[in-house]
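Work through the exercises below with the model open beside the text. Each task is followed by a solution in steps.

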Amino acid sequence: MKQVAYYKGCLASLSAKELDISTQALAPKVGLELVELERVTCCGAGDIHEAEPDYYLHLNARILAYAEATGSDTLMTVCNVCTLNLRQANHQLQGDAGLLERVNANLVSVGAPAYSGGVDVKHFLWLVSAGEGYELLREAAHKGLKGLRIAPFYGCQILRPSKLLGFEDPDKPESLERIIEACGGEAIDYPAKIKCCGFPIIQAREDVALAELIQPIEQAKEAGADAMVTPCPLCHLSLDAWQSKLREQTGKDFQMPVLHLSQLIGVAAGLDDSELKFKRHLVSLDPVVEKLAV
Amino acid sequence: MQVALKIWRYDPIAGERALKEYEVSAPEEATLLDVLDIVKDQVDGSLAYRKSCRMMICGSCGMRMDGAAVLACKTRMYDVAQEGRVPVISAMGNLPVVKDLVVDMGPFWGKIRAVTPWLEPGYSDPGETEHVVSQERMDVIHKESLCIMCGCCVSECNSMEADPDFLGPAALAKGMRFVGDPRDQATVERLQSYSGEHGIWDCTRCYFCQERCPKGVDPRDAIAKLGAEAVSAGIDSDMGAKHAKWFVTSAKTTGWLRETELVPKTQGIAKSLKEVKFAMGLLRHGKVPPPFPPHVAKDVDEARALYDLVKEQGREGYEGIVQGEKALEQLELESESDGAGPRDPYGEGSFAVPYLPGENGDEEAE
Amino acid sequence: MHDVVVVGAGCAGMRAAIEAFDTGADVGVVSKLHPTRSHSGAAEGGINAALGNRADDSPEQHAFDTVKGSDYIGDQDAIEILANEAPGDIYQLEHWGCVFSRDENGKLAQRPFGAAGSPRTVFSADITGHVLIHVLYEQLMKRMEQGPMTVHEEYFAWRLVVDHGRCVGVICWDLVSGGLKLVAGRSVVLATGGMGRIYRATTNAYACNGDGMAMALHAGLPLEDMEFMQFHPTTLYPSGVLITEGCRGEGGYLLNADGERFMARYAPNALELASRDVVSRSETTEIESGRGVLGSVLLDLRHLGAERILDRLPGSRELAMTFAGVDPIYAPIPVRPGAHYHMGGVDTGNWGETELEGLFAAGEVACVSVHGANRLGGNSLMETITFGRRAGQAAAEHALAASSPTPSLSVAPMADAERDLKTLLDRSEGERPWKIRDELGASMLENFGVFRQGPKMELQLGIIQGLRERYERVVVEDKGPVFNTDLTQALELGSMLDLAWVMVQAGVAREESRGAHSRPYDFPERDDERFLRHSLTRWKDGEPELDTKEVRMTRWQPEVRSY
C-alpha cells in the first residue's frame with residue numbers, strides 16, 4: 001500500500017461530499033492508504049491567487065508543510081484547481097531558496113511546521129492512470145462498466161499550464177480514456193473535452209460561463225455518451241448542477257449524468273450506493289444505474 | 001523529407017471554405033512557414049498567409065495547427081514528417097478570416113487601443129536624463145513586455161469565444177505592462193477601466209492563453225496581477241472581485257470556503273433571491289451546506305495569523321505573483337507519466353551539432 | 001490628402017511620423033506590414049549613445065569611432081550630428097516608456113559593442129529592436145487617438161509620384177482589398193529599410209527587398225555607396241537568423257575548428273569586438289582555409305554561465321535552440337557571416353532631404369552618410385531615431401509651407417501603373433518568381449559576398465542580366481484582389497534585380513578595399529587618393545550610370561584602420 005497525504009479541498013468537504021466518500025472507499029482497492037490532512041485550509045482556488053497572491057502562497061505552503069509532516073512524499077488531491085494551486089506554490093518554493101526561507105519563517109511563527117520541499121503533489125487521476133496504480137485499478141475494476149459510453153471531461157487546470165502540471169500532453173490527454181477502458185467502458189471523443197466549463201465565472205459572468213458550459217455537454221450528448229466523467233469537483237458542479245440553467249436558457253434538456261472519477265471507478269469496482277451517493281447529483285444517475293443493473 | 005499538410009482555404013470572393021491537401025519535398029530543418037512557402041511557390045500561388053521575420057519576433061505568422069495556435073516560423077516539421085502525420089492548418093480563432101490563413105486583426109488592435117497602450121507620465125518630470133529605476137523594479141513587467149502581438153492567445157481564449165467583447169489576454173497583458181511600470185501615473189484609471197464588464201473578471205481561467213503563447217508572456221498571470229492590484233487598490237465592486245474576496249475572508253475565518261454565503265456575497269441579496277428556485281434544487285440534493293454551524297478547519301487560527309502576518313509584510317498586489325516568477329522560469333519540464341509528458345508544439349528539429357576538439361556529441365543538452 | 005506621407009513604419013518611419021505629427025502635420029503612414037511587424041523589431045543588441053553611464057565617454061569619441069568604423073568615407077558632419085543628438089533622443093525614448101535594461105544604479109545600462117572605444121550601447125536584454133518598435137507604436141497609437149495620424153496598413157508602396165519636379169505621393173497596391181491606391185501628400189518620407197533579401201544568406205525578413213530604394217532610383221534619384229553591404233559575423237546556419245553582437249559584447253568567444261580564438265590574429269586589440277567587416281572577413285578566411293566546423297565558426301558562450309546567459313541573452317539562447325538545435329549554456333553556436341545591413345541608399349542631406357523637392361528619406365533606405373563603408377553595431381538603430389526625427393521634422397515643415405499639389409497629378413502616373421500591373425497580371429504563362437529569386441540570392445552570395453574580385457563581379461553582372469530577362473516573363477498565379485502576396489512578391493523581386501545590378505556595378509568601379517567592400521585578390525589596399533569619395537548611381541535610359549561625390553570631412557583625416 002502506498003501511503004499518501006490526502007488533501008480533499010473545499011468542495012469534497014462540503015457540497016461534493018460524494019467525491020470524498022467514494023474516494024475514501026475506493027482508495028484501498030487501488031493500493032492507496034490515505035492520511036487525511038486536517039490542519040489545512042482552502043487552497044484559495046484562482047480567487048485567492050488573484051485577490052491576495054502572497055496569502056495564497058502561504059496557505060498552500062502550510063498545506064504542503066503539513067503533508068510533509070505526515071512522512072509521505074506524495075500529497076494527493078482530488079480537484080484540478082487544488083492540484084494546480086499546490087503544484088504552482090510547490091514549484092515556487094522548491095525553486096527559490098530565499099522565498100522558501102521567508103515563507104517558512106512566517107509558517108513557523110504562527111505555529112505551523114516549516115516546509116523543506118520534499119512533497120510531490122499528484123491528482124488521484126495521475127496515481128491510477130499509470131504505473132502500479134493503473135495495474136491495481138484494472139484488477140479492482142472487476143465488475144466493469146458493461147460497455148457504458150463515457151465522455152471524459154478533463155477540466156482546464158489538470159492540463160494547463162503544462163509547464164506546471166506536466167503529466168500528459170495537454171492537447172491529446174489520454175489518462176481518462178485509459179481508465180474508462182480499463183473499467184470496461186467505451187470512451188467517447190469530442191472536441192470540447194479539454195475546453196473550459198466556465199465554473200470560475202459562473203457567478204460573476206453567468207451568460208459567458210453558460211456559453212462555455214453548453215459545449216461539452218451538447219457535444220457529449222450528440223456523440224452518444226451515456227454519462228460524463230470529470231476529475232474536478234468544480235467542473236462537476238457546473239456540469240451537473242447548472243444543467244437546469246442551460247435548460248432554462250436554451251430549452252435544451254440534456255439529462256446528461258456526470259460522475260466524479262472516483263465514482264466511475266467505484267462503480268466498476270463494486271462500491272455500493274452508500275459509498276457512491278448518487279442521490280446527491282442533480283441530474284439523475286438512474287439511467288446509468290439501470291444500464292449497469294447495479 | 002516529404003511533408004504533407006491539409007490547409008483550410010477560404011476564398012473571400014466566392015465565400016467558400018475548402019480543406020485542401022498538399023504534399024511537398026522540404027529540407028529536414030524546415031519549419032511550417034518554410035513548407036507554406038514551398039506550397040505557395042511551387043504548387044499554388046494563391047495561398048495567402050502573413051510572414052515577415054521568420055525568427056519569432058514580428059508576430060506575423062500566427063495560425064492554427066490541429067486546432068491550436070502556433071507561430072509558423074517556430075514550428076518544426078521534422079517530427080511531423082517522421083511520424084507521417086498530416087496536420088490541419090487553419091486560420092487563428094476568434095478573429096474574422098480574410099482569406100485562407102489571414103485573419104482580420106482589426107478587432108485585436110481595437111482591444112489593444114482600448115487599454116490606453118502608451119505611457120501616461122502624468123506630471124512626473126524626470127528631468128533631462130532617464131527615470132532612475134532599478135532592474136528589479138522593471139522586472140515586474142519583464143514578461144508582459146515580451147509580447148509580440150501575434151494573437152495566439154486571443155485565438156484560443158475560451159472566454160472570448162463565449163463573449164467576443166472580452167478585452168482578452170493580449171490587451172490585458174499590455175495593460176499590466178503599464179500598471180506595473182513605475183513611470184506610468186495612470187494606474188488607478190487603468191484598473192478602473194480594466195475592471196469593467198468585459199475586463200479582468202471576465203477571464204475564465206482556462207489557461208489556454210498561457211499554454212499557447214510562444215514568448216512566455218503568461219497572459220493569465222498578467223490578468224491575475226491586475227486583479228491583485230485592483231483588489232489592493234479597493235477597485236473591487238465587480239462581482240468577480242467580490243467572489244475572490246470572499247475566498248480570502250473564508251480562509252482567514254473558517255479555513256474552508258463558506259460556500260453557501262458565497263452566492264449572496266458575490267451577487268448581492270437581491271439577485272440571490274431570484275435564484276431561490278435554483279437554490280432549492282441544490283438544497284434538495286444536499287449541495288447547499290448549511291452555513292451554521294460553520295465548517296471550521298482544525299487550527300484555523302494559524303491561517304488567521306498568517307493573514308495578519310502577510311498583510312504586515314506588505315507584498316501587496318502583483319508582488320505576490322511576481323515573487324514566484326524567478327522559480328517558475330527555471331522550471332524544467334517534468335514528465336511523470338509513462339509516455340506523453342507536456343506538450344511541445346514546436347517540435348524538435350534535425351540539426352547537425354558542431355563539436356570542438358576533445359568534445360563529443362553528448363554536449364547537447366535538452 | 002495628407003501633409004506628410006511616411007512610407008515604411010519601422011523605427012525610422014514611426015519616429016518620423018511622430019515628429020511630423022508633433023510639428024503640426026497631418027500624417028499618413030503607408031506600410032506593407034502592420035507597423036510592429038517591421039524588421040526594426042528584430043534588432044537585438046542595442047542602440048548607441050554617449051551617455052557615459054558605464055564609463056567615461058563623449059559624443060566626440062562616439063563620432064570618432066564611427067568615422068574610423070566607416071573607413072573614413074562617412075560624412076563627418078552627419079556623424080557629429082548623430083553623436084551629439086543621440087543622448088537626447090535616447091532619453092526621449094525612455095521618457096516615452098521604453099523598457100531598457102538598467103545598471104546597478106538604476107540608470108540605463110550600456111554594454112560594449114564592436115569597434116566602440118567606450119561601452120555605449122544601450123540595450124534591453126537582447127531584444128532592443130523589439131522594445132523600440134513597441135514604444136514607437138504605442139506613441140503612434142496615442143497620436144491616432146488625438147488627431148490626424150492615419151496608418152494605411154498593408155498598403156504595398158510601389159511608385160513615387162512626381163509632379164512638376166515635386167514628390168507628391170506614392171502609388172500603392174492595397175493588399176487587403178486589392179487595387180492601386182494613391183496616397184498623396186505635400187511631402188513624402190521614405191523609410192522602407194534595406195534589401196538583405198537580395199542574398200540567400202541574410203538576417204533580414206522577407207519584407208526587406210529594397211522597394212523604397214528602387215522607387216527612388218526609378219524616380220530619377222541618385223543612390224549612394226550601393227556597393228557596401230555589411231555581413232554580420234554571427235548568423236545561424238542554415239536559416240541566417242541573427243545572433244546578436246551582444247553575445248560578444250557580454251564576453252563570448254569566436255573559435256575555429258581547433259578551438260582557437262582566431263580573432264587574436266586578425267584584431268589583436270579588439271579581438272571579437274573588432275569592427276563587423278573585420279570579423280566577417282576573419283571568419284570567412286578561417287572557413288575557407290579549412291578551419292571551419294560545418295562551414296561555420298563557433299560562438300562559445302558557455303563560460304558566461306547560465307545565469308548571465310538567461311539574464312542578458314535569453315532571446316539569443318531561444319533562437320539558437322530553435323533554429324540551430326543548440327543550447328548555448330552547454331554547446332557552442334555555429335555561426336557564419338550573413339548579409340545584414342546596407343550602408344548605402346538614397347542620397348540625403350542632414351535633414352533627410354533629397355534632391356527631389358518634397359522627398360525625404362531616413363533609416364536604412366537612406367545614405368546621409370553616417371556609416372560610410374561599414375557601420376558600427378548599435379549605430380543603425382540610433383540613426384533611425386535621430387535621422388527619422390530630423391526627416392519627420394523637415395518633411396512637416398516643408399509640407400506646412402508648401403502649396404497643395406495640382407489636381408491633375410494623379411492621372412498619368414496612375415494610368416501608367418495600372419497598365420504595367422495589367423501586363424504582369426494578364427500573363428498566364430511564364431516562369432514562377434521563386435527560381436529567379438533563389439538564383440539571385442545564391443549568385444550574389446557567391447560573387448558579391450564578403451570577398452570580391454573583378455572577374456566574379458563581371459560574371460555576376462552577366463547573371464543579373466539573364467535573370468532580368470527572365471523576369472520579363474515572370475508569371476503571377478494569383479489573379480485575385482484579396483491579399484495577393486503572390487503579386488507583391490513578384491514586384492519585390494523586380495526591385496531586387498535592379499538594385500543588385502546597381503550594387504555590383506558600383507562594386508566593379510570601386511577598385512580598392514574599404515570597409516565592407518573587400519577585394520583581397522585584385523585591390524587589397526585602401527586607395528584614398530582615387531577613392532576617398534562616395535559612389536553615386538542614377539538610372540539612365542534603363543541602366544545604372546555611375547558618378548562620385550565628395551566626402552564631407554570636419555575633423556578627422558584618414559588613418560590606417562586597425563583593431
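The exercises concern a predicted model and go from single chains to the contacts between chains.

**Exercise 1. Chain C as a whole**

Task: Describe the fold content of chain C and decide how compact chain C is for its length.

Solution:
- Step 1. Start with the secondary structure: chain C has 16 helices and 19 strands.
- Step 2. Compare the radius of gyration with the globule rule. Chain C has a value of 22 Å, and the rule gives 24 Å for 563 residues; these are close, so chain C is as compact as a globular protein of that length.
- Step 3. Look at the outline. Taken along the principal axes, the C-alpha atoms of chain C fill a box of roughly 65 × 50 × 50 Å.
- Step 4. Check burial: 66% of the 563 residues of chain C count as buried.
- Step 5. Check the contacts along the sequence. Among contacts in chain C with a separation of 6 or more, 75% are between residues 24 or more positions apart.

**Exercise 2. Chain B and its domains**

Task: Give the same kind of account for chain B, then state how chain B is divided and what lies between domain 2 and domain 3.

Solution:
- Step 1. Chain B has 16 helices and seven strands.
- Step 2. The C-alpha trace of chain B spans about 70 × 60 × 50 Å along its principal axes.
- Step 3. Of its 366 residues, 54% count as buried in chain B. Residues 24 or more positions apart make up 66% of the chain B contacts with a separation of 6 or more.
- Step 4. Chain B is split into domain 1 (2-103), domain 2 (106-124 + 132-232) and domain 3 (239-325). Domain 2 of chain B is thus written as two segments.
- Step 5. Between domain 2 and domain 3 of chain B, the C-alpha centres are 26 Å apart. Their contact involves 12 residues from domain 2 and 10 residues from domain 3 of chain B. On the domain 2 side, these residues are six nonpolar, three polar and three charged.

**Exercise 3. A covered helix in chain A**

Task: Which residues of helix 10 of chain A are buried, and what covers them?

Solution:
- Step 1. Helix 10 of chain A runs over residues 175-182, and six of its eight residues are buried.
- Step 2. The buried residues are A:Ser175, A:Leu176, A:Arg178, A:Ile179, A:Ile180 and A:Ala182. The list includes the charged residue A:Arg178.
- Step 3. The cover includes helix 7 (124-128), helix 8 (131-140), strand 5 (149-152), strand 6 (186-187), strand 7 (227-230) and helix 14 (261-268) of chain A.
- Step 4. Move just past the helix: A:Gly184 takes a positive phi of about 85°.

**Exercise 4. Two contacts of chain B**

Task: For the contacts of chain B with chain A and with chain C, state how many residues each chain gives and which helix of the partner gives the most.

Solution:
- Step 1. The contact between chain A and chain B takes 69 residues from chain A and 75 residues from chain B.
- Step 2. Helix 4 of chain A supplies the largest share of the chain A side, eight residues. Other elements giving two or more residues include helix 5 (80-95) and helix 11 (206-222) of chain A.
- Step 3. By class, the chain A side has 29 nonpolar, 21 polar and 19 charged residues.
- Step 4. The contact between chain C and chain B takes 57 residues from chain C and 51 residues from chain B.
- Step 5. Helix 3 (76-95), helix 4 (128-146), helix 10 (314-324) and helix 15 (485-509) of chain C each give two or more residues. Helix 4 of chain C gives the most, with six.
- Step 6. The chain C side divides into 29 nonpolar, 16 polar and 12 charged residues.

Key. Residues are numbered from 1 along each chain as its sequence is written. Chains are lettered from A and ligands numbered from 1 in the order in which they are written. This is a predicted model: local features need pLDDT of at least 70, side-chain atom pairs count only at pLDDT 80 or more; totals for chains, interfaces and linings use all residues. Domain bounds come from an automatic or database domain assignment. Two residues are in contact if their C-beta atoms, placed from the backbone, lie within 7 Å. Helices (H or I, at least four residues) and strands (E, at least two) are DSSP runs, numbered from the N terminus. The radius of gyration is taken over C-alpha atoms; the globule rule is 2.2 Å times the number of residues to the power 0.38. A residue is buried if 20 or more other C-beta atoms lie within 10 Å of its own, exposed if 12 or fewer, and partly exposed in between; C-beta atoms are placed from the backbone.
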